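Here is a protein to explore by question and answer. Look at the model first, then work through the turns below.

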Amino acid sequence: MSTQTASYKDRHKPASSFENRQSYLENELTIMNFRRWRVHLPFRDFGIEFEDLIPALAATIGKVVMVTAMAAAFAAQFGLSPEFIAENVRYELLIAGVLFAVVFSAILNPNTNLAGTHGPMIPLIPLIAAAGGHPLALGIMVGVFGLLLSWSKGGSRLVTMTGEGVKGGLLIYLGAIGLVGQITKLEAWSSGIGMGYVSFGVIFATVVIYAYLARVKMRWLAIPLCSFLAGAVAWAMGTPFEFVTEPGLPPLSPFFWWGENTGWQMGWPELSHFVAVIPFAILAVAMWSPDFLGHRVFQELNYPKKAKGVLMNVDDTMTVCSIRQIVGSVLGGGNLASSWGTYMIPAAIAKRPIPGGALLTGVMCVLAAVLGYPMDLAMWEPVLRVALLVGVFLPLLEAGMQMVRDNQSAQSAGVCMFSCAFVNPVFGWALTMLLDNLGLIGDKERSAQLSTADRLVIPLIAFIICVGALALVGQLPGIPALL
């Protein structure tokens with residue numbers, strides 16, 4: 001049987017056959033070749049290794065944190081109780097874990113990243129509510145626009161059209177802003193409980209252990225080790241902590257969640273609600289491309305060059321995120337979907353493909369939802385801030401710096417970061433991609449080799465759509481919302 005037609009099970013070799021663990025993991029990546037929309041089974045089509053626990057743990061922590069933030073933002077606008085937040089987070093963990101992490105990313109299409117939470121949309125929730133938006137209408141419209149983008153292959157086209165310097169600048173900006181933001185929030189929390197020294201102790205210990213892990217090339221252990229250490233240091237310094245969420249299951253009926261007096265207490269949406277959320281839905285989907293771009297780049301930087309069969313398919317991931325958005329919203333969830341960064345980034349660093357960790361993520365999400373207590377631990381400030389620091393933002397910063405290799409890419413990266421800081425990452429990515437492809441900045445030889453569509457037409461359309469959506473909802477500095 002040729003290596004082209006042999007299955008993963010036939011080509012798999014035990015770890016003892018290799019000189020070191022890294023060689024084994026890299027070989028695993030090169031012998032897998034997933035098929036779109038076909039059933040894949042553990043140990044027949046992919047393996048499950050100890051390293052898969054790392055992205056699964058990071059993804060579960062990140063999911064609890066992000067969905068809680070989003071549910072809390074909606075609850076604040078619609079006058080909903082803390083009990084609503086806790087139960088909706090539990091519900092979302094079940095939806096994400098069982099229906100999508102396992103069924104789609106582990107079994108049906110392992111080239112699709114898990115559908116996570118669209119963090120940049122959280123600050124816009126007050127504007128959505130003020131415009132008369134309905135969470136279900138918003139979710140459906142995001143899903144519809146996402147399907148249009150994925151079916152037109154627009155997502156993958158935009159990713160391949162983005163130059164190295166633009167990619168590097170975007171990753172550096174996202175990493176640096178996230179890094180500063182998480183440290184600031186940890187410091188504010190420790191000052192708020194009258195123990196400002198705790199944040200210094202936690203961050204100092206994190207820096208030391210992360211530097212050591214980088215030195216011995218074991219950064220894939222950063223999330224569990226640094227998070228455990230952060231919690232231990234904070235507890236040893238006298239920080240209070242208690243478990244408050246009891247075991248249980250959330251209501252599972254969509255009619256409960258969309259009732260007039262239960263769940264969201266808003267009833268089912270009307271036509272006016274769908275009209276009101278259109279600009280926000282367009283903006284949400286416009287934000288997907290830079291988000292998905294960063295996750296795909298992480299795989300390319302950490303995987304062997306031959307590992308083409310396990311790379312994330314951007315268009316299929318957009319399809320799954322869109323379906324997940326529609327299904328989750330109809331069921332009653334409060335999540336807005338995007339590519340799951342707290343899963344993909346640690347998985348790429350650990351040199352693991354998507355499906356094994358996706359399966360474990362589904363199990364962990366279900367356990368967290370049912371037991372309740374793990375949600376309290378994941379939401380404890382020292383644990384969650386350090387998990388996001390070492391699992392997402394530091395790797396983003398490092399990956400971006402790796403991509404800035406010469407003066408030309410540095411020029412594009414600098415303009416990208418400047419533009420991101422001026423408005424936001426969506427504006428920065430769209431503007432800099434346009435300038436870079438036109439040859440006004442960056443590699444002029446690359447620009448000359450592009451077709452007219454790739455050099456001007458598509459980047460210009462993307463820029464107009466992004467700026468138009470930002471203008472409609474008041475996200476351009478100094479310009480009031482057009483709505």
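Two residues are in contact when they have heavy atoms within 4.5 Å. Keep in mind that this is a predicted model.

Q: Leaving aside neighbours within four places in sequence, which residues is M70 in contact with?
A: M70 lies in helix α3. Neighbours within four places in sequence are left aside here. The contacts that remain are T117, H118, I122, I125, G334, N335 and L336.

Q: Is M70 buried or exposed?
A: A residue counts as buried under 20% relative accessible area. M70 has a relative accessible area of 0%. M70 is therefore buried.

Q: How many Å apart in space are M70 and G119, C-alpha to C-alpha?
A: In sequence, M70 and G119 are 49 residues apart. In space, C-alpha to C-alpha, the distance is 7.8 Å.

Q: How many helices and how many strands are there in the protein?
A: Look for both kinds of element along the chain. Strands number zero. The helices number 22.

Q: Why is the protein described as being as compact as a globular protein of its length?
A: The globule rule gives 23 Å for 483 residues. The radius of gyration of the protein is close to that, so the protein is as compact as a globular protein of that length. The radius of gyration itself is 22 Å.

Q: What does the C-alpha trace span along its principal axes?
A: The span is taken along the principal axes of the protein. It comes to about 60 × 55 × 50 Å.

Q: What percentage of contacts with a separation of 6 or more joins residues 24 or more positions apart?
A: Start from the contacts in the protein with a separation of 6 or more. Then keep those between residues 24 or more positions apart. Their share is 80%.

Q: What share of the 483 residues is buried?
A: The cut-off for buried is under 20% relative accessible area. Among the 483 residues in the protein, the buried share is 56%.

Q: Which element gives the largest share of the largest nonpolar core?
A: In soluble globular proteins, nonpolar side chains tend to be buried together. Here the largest nonpolar core has 135 residues, and L93, L138, V202, Y343, V390 and W429 touch the most other members. The largest share of this core is 14 residues, and it comes from α18.

Q: Which residues does Y343 touch, not counting those up to four places away in sequence?
A: Y343 is one of the core residues that touch the most other members. Residues up to four places away in sequence are not counted. That leaves P55, A56, A59, N113, L114, P353, I354, G357, A358 and T361.

Q: How many residues are in the other core, which lies apart from the largest one?
A: Its members include L29, F34, Y303 and A307. In total, the residues of this other core number ten.

Q: Which element gives the most residues to the lining of the largest pocket?
A: The largest pocket has a volume of about 1,300 Å³. Of its 43 lining residues, M66, G119, P120, L174 and F393 are the closest to its centre. Elements that give two or more residues to the lining are α3, α8, α13, α15, α18 and α20. The element that gives the most, with eight residues, is α8.

Q: How many residues in the lining of the largest pocket are charged?
A: Sort the lining by residue type. There are 23 nonpolar and 15 polar residues. The charged ones number five.

Q: Is S190 buried or exposed?
A: S190 is found in helix α8. Its contacts beyond four places in sequence are M195, G196, V198 and S199. At 0% relative accessibility, S190 counts as buried.

Q: Which element supplies the largest share of the lining of the largest cavity?
A: The structure holds three cavities of 30 Å³ or more. About 60 Å³ of space lies in the largest cavity. Residues in its lining include I54, Y210, W220 and V390. The largest share, three residues, comes from α18.

Q: How many residues in the lining of the second largest cavity are charged?
A: This cavity holds about 50 Å³ of space. Its lining includes A58, I61, T342 and L388. Seven lining residues are nonpolar and three are polar. The number of charged residues is zero.

Methods. Residues are numbered from 1 along each chain as its sequence is written. This is a predicted model: local features need pLDDT of at least 70, side-chain atom pairs count only at pLDDT 80 or more; totals for chains, interfaces and linings use all residues. Side-chain values use heavy atoms; hydrogens and water are left out. On a 1 Å grid over the protein atoms alone, a cavity is a set of points where a 1.4 Å probe fits but cannot get out, and a pocket is an open set with protein on both sides within 12 Å along at least five of seven lines; lining residues have an atom within 4 Å of a point. Grid points are joined across faces, edges and corners, and a volume is the space filled by probe spheres set on the points. Helices (H or I, at least four residues) and strands (E, at least two) are DSSP runs, numbered from the N terminus. Ala, Val, Leu, Ile, Met, Phe, Trp, Tyr, Cys and Pro count as nonpolar, Asp, Glu, Lys and Arg as charged, and the others, Gly among them, as polar. A nonpolar core is a set of buried Ala, Val, Leu, Ile, Met, Phe, Trp, Tyr and Cys residues joined through side-chain atoms within 4.5 Å. Buried means under 20% relative accessible area, exposed over 50%, partly exposed in between (1.4 Å probe, protein chains only). The radius of gyration is taken over C-alpha atoms; the globule rule is 2.2 Å times the number of residues to the power 0.38.
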